[in-house]
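Open the model in your viewer and keep the selection tool at hand. The tour moves from one selection to the next.

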Amino acid sequence: MPWHSCAILQPLDDPWPPASAVLFHRQPILTESDVVLGRQAVGRAMAEVGAREVRRIRLVTAVSEIFRNALRYGGGGEAVIFLDRVTKAVLVECRDNGPGIEDTALAMRDGYTSGKGLGMGLGGAQRLTDAFELHSRPNEGTRVRMMSRA
Ligand SMILES: Nc1ncnc2c1ncn2[C@@H]1O[C@H](COP(=O)(O)OP(=O)(O)OP(=O)(O)O)[C@@H](O)[C@H]1O
Ligand SMILES: [Mg+2]
């Protein structure tokens with residue numbers, strides 16, 4: 001789908017997923033326990049490419065925010081986790097078919113929330129990852145792609 005609004009802070013390389021990446025895990029994000037399963041899978045993927053604990057926790061924290069957003073605002077979605085042994089990186093895509101985000105630049109801003117959150121999730125996730133792209137289309141959904149190197 002052609003995306004309406006996107007906030008690309010640190011762009012990913014083309015193509016997605018990278019040619020050397022392999023599928024590690026697919027996780028439906030429909031409940032709180034799915035968020036936990038998703039973050040655990042991301043932690044295992046980071047361990048698999050040799051990431052130390054601090055790096056692992058950074059990506060796990062970032063994806064938790066994104067998975068929780070997909071659940072809370074997107075009405076649920078799916079996360080797809082890839083690992084790349086060549087570049088020693090983990091790549092995560094989370095997409096939902098929720099209401100989307102009209103203004104992704106505004107949504108990225110620290111302190112902006114449409115609910116009762118702190119408005120720190122998106123900005124925090126971006127700072128914790130090596131590449132971060134948010135694409136959204138109102139009434140159709142939201143897609144976040146992230147990459148972290150070990
Ligand atoms: N998947 C999504 N679908 C629709 N809107 C979203 C989605 N993710 C984020 N948003 C919008 O972007 C805003 C900012 O998200 P962000 O995660 O930064 O903060 P928050 O979820 O409101 O609070 P926090 O994450 O700090 O608890 C949200 O309040 C919501 O309006
Ligand atoms: Mg949030």
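A residue counts as near a molecule if its C-beta atom, placed from the backbone, lies within 6 Å of it. Keep in mind that this is a predicted model.

**Stop 1: the ligand shell.** Select ligand 1 and its surroundings. You should pick up 22 residues. The closest are N69, T113, S114, G117 and G121. Colour the shell by residue class: nine are nonpolar, 11 polar and two charged. Which helix gives the largest share of this shell? That is α2, with three residues. Both α2 (53-72) and α4 supply at least two residues each.

**Stop 2: helix α2.** Select residues 53-72. Put a distance between the end C-alpha atoms: 28 Å. At 1.5 Å a residue, the 20 residues of α2 should span 28 Å, so the two values agree. Now show the buried positions. They are R56, L59, V60, A62, V63, E65, I66, F67, N69, A70 and L71. N69 thus appears twice on this tour: it is among the closest residues to ligand 1, and it is buried in α2. What do the buried residues of α2 pack against? Their partners are the helices α1 (32-48) and α4, plus the strands β2 (21-29), β3 (77-84), β4 (89-96) and β6 (141-149).

**Stop 3: A125.** Move to α4, residues 121-127, and select A125. Is A125 buried or exposed? A125 is buried, because 26 other C-beta atoms lie within 10 Å and the cut-off for buried is 20 or more. Leaving out residues up to four places away in sequence, A125 touches A62, E65, I66, F132 and M146. Of these, A62, E65 and I66 are among the buried residues of α2. Next, add R68. A125 and R68 are 57 residues apart in sequence, and their C-alpha atoms are 12 Å apart in space.

**Stop 4: the sheet.** Show the strands. Six of them form an open sheet, in the order β1-β5-β6-β4-β3-β2, with antiparallel pairing. At the edges are β1 (5-10) and β2, each pairing on one side only. Neighbouring strands are turned by 10 degrees against each other on average, direction ignored. Zoom in on β4 and β6: eight bridges join this antiparallel pair. Look for V90, which stands opposite S148 in β6.

**Last stop: helix α1.** α1 packs on the sheet and touches β2, β3 and β4. The direction of α1 makes about 165 degrees with that of β2.

Key. Residues numbered from 1 in each chain as written. Chains lettered and ligands numbered in written order. Predicted model: local features only at pLDDT ≥ 70, side-chain atom pairs only at ≥ 80, totals over all residues. Helix = DSSP H or I, 4+ residues; strand = E, 2+ residues; numbered from the N terminus. Buried ≥ 20, exposed ≤ 12 C-beta atoms within 10 Å, placed from the backbone. Contact = placed C-beta atoms within 7 Å. Nonpolar A, V, L, I, M, F, W, Y, C, P; charged D, E, K, R; others polar. Expected span 1.5 Å × (residues − 1). Pairing = 2+ DSSP bridges. Axes fitted to C-alpha atoms, helices over the stretch in contact; angles between N-to-C directions.
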